[in-house]
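Open your viewer, switch on side-chain sticks, and keep the selection box handy. We will go from stop to stop, and at each one you will hear what to select next.

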Amino acid sequence: MRRFGMRRAVVAVVVTVCAAVSLGAGGVGAASAEEGGERYPVGDLGTSIKNFFFSPDAPAGANDWSCTPSEEHPEPVVIVHGTTSNFGSAGAMIAPTLANEGYCVYGFNYGAVPYSAGRLFGLGDIEESARTMSAFVDRVLESTGADRVDVIGGSQGGMMPNYYIKRLGGAAQVRTMIGLGPTNHGTTMNGLVELGRTLHVLGLVNDFYRLIGAPAYIQQEAGSEFQEELFADGDTVPGVRYLTIATAHDTTVTPVTNSFLRGPDSTNILLQDLCPDDPVSHSGMSFDGPIMQLILNELGPREPDFRPECVNYGPNV
């Protein structure tokens, strides 16, 4: 209910406070041995917040429109941010890490509303956001000469691409869909959504979201009309491979199993099954060492029994 939207705003404020005491960006990632390429600084949570305000469109290593995919990494990677975020913030760690490994990395902002101020995105209608993604992927494919892209998205950014894949012809252009705590089947917000329905007040909350021009919150509620229609014909599409990673400490997507997709060539991972002590929560998943290792394995060798080294955990935010 309303807590869904307000909680994201509170998280943004808390994270901003954390930035004030942050010790700065993380270490420098290793350059691709094959390319001998530039060493991009790999960011952390502090970098993410700095990017949110000062570089919302361009994390290090991303959107180089002269990049040519290598034989080893022929698919460009498109990073998709979540609700109330932007590409600069969401890609602070993932984009430079992949660029240092020799990938061509791209990302975009979507779902702007009148008060986005060039920073706060992912609030608009998800179907329209998927059309924005479609046009962006077309641009990436035209620029790189590639046939397909790999997609990495967190929260709404892991769910919205499914509309592009299933309803806008994206299945022919996406090889891999990696979701980090995606809102694939919506969130109950620890039961508040269903309670609102039972008490007949959920409609009032949703009217508030419509009033402020943020339909994405309504569309991400468990059992929403958008959710029901999107997955009415199944979760996955043949020809696309799916990896979904969830964390047991997620308090935004509840239950956490709502993130998971079921269908052919779909793998679901609960992070703590691999690294029991990893404390990372929903907003910190883009800055988690084991998750980054899982991403690199999925894009690269795709070893079926791969287990990440349980180090460099992300924050519990």
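The tour below visits a serine, some aromatic rings and the disulfides of this predicted model.

**Stop 1: a serine in a helix**

Select residues 126-144 to bring up helix α5, then pick out S129 within it. Is S129 buried or exposed? Its relative accessible area is 2%, so S129 is buried. Now show its surroundings: leaving aside residues up to four places away in sequence, S129 touches Y110, G111, G124 and M160.

**Stop 2: the aromatic cluster**

Keep Y110 selected and add W65, Y106, F108 and F136; these five residues form one aromatic cluster. While W65 is on screen, add R139 as well. The charged end of R139 sits over the ring of W65, at 3.8 Å from the ring centre.

**Stop 3: a pair of phenylalanines**

How many aromatic pairs does the model contain? The count comes to 8. One of them is F53 with F54, so select those two next. A pair of aromatic rings is described by the distance of the centres and the angle of the planes. For F53 and F54 the centres are 6.5 Å apart and the planes make an angle of 55°, a tilted arrangement. F53 is partly exposed, with a relative accessible area of 35%, while F54 has 70% and counts as exposed, the cut-off for that being over 50%.

**Stop 4: the disulfides**

The structure holds 2 disulfides. Start with C67 and C104, whose sulfur atoms are 2.0 Å apart. C67 lies in the loop between α2 (45-54) and β1 (77-80), and C104 in the loop between α4 (94-100) and β2 (105-108), so the bond ties together parts that are 37 residues apart in sequence. Set a dihedral about the S-S bond of C67 and C104: the torsion is about -85°, so this disulfide is left-handed. Both C67 and C104 are buried.

Move on to C275 and C310, joined by a disulfide with an S to S distance of 2.1 Å. This pair links distant parts of the chain, 35 residues apart: C275 is in the loop between β6 (266-270) and α11 (289-299), and C310 is in the segment after α11. The torsion about the S-S bond of C275 and C310 is about -85°, so this disulfide is left-handed. Colour by accessibility to see how its ends compare: C275 is buried at 0% relative accessibility, whereas C310 is partly exposed at 32%.

To finish, label the bonded cysteines in sequence order, and the pairing reads 1-2, 3-4.

Conventions. Residues are numbered from 1 along each chain as its sequence is written. This is a predicted model: local features need pLDDT of at least 70, side-chain atom pairs count only at pLDDT 80 or more; totals for chains, interfaces and linings use all residues. Side-chain values use heavy atoms; hydrogens and water are left out. Helices (H or I, at least four residues) and strands (E, at least two) are DSSP runs, numbered from the N terminus. Buried means under 20% relative accessible area, exposed over 50%, partly exposed in between (1.4 Å probe, protein chains only). Contact means heavy atoms within 4.5 Å. Rings of Phe, Tyr and Trp (its six-membered ring) pair if their centres lie within 6.5 Å; planes under 30 degrees apart count as stacked, over 60 as edge-to-face and the rest as tilted. A charge sits over a ring if NZ of Lys or CZ of Arg is within 6 Å of the ring centre and within 35 degrees of the ring normal. A disulfide is a pair of cysteine sulfur atoms within 2.5 Å.
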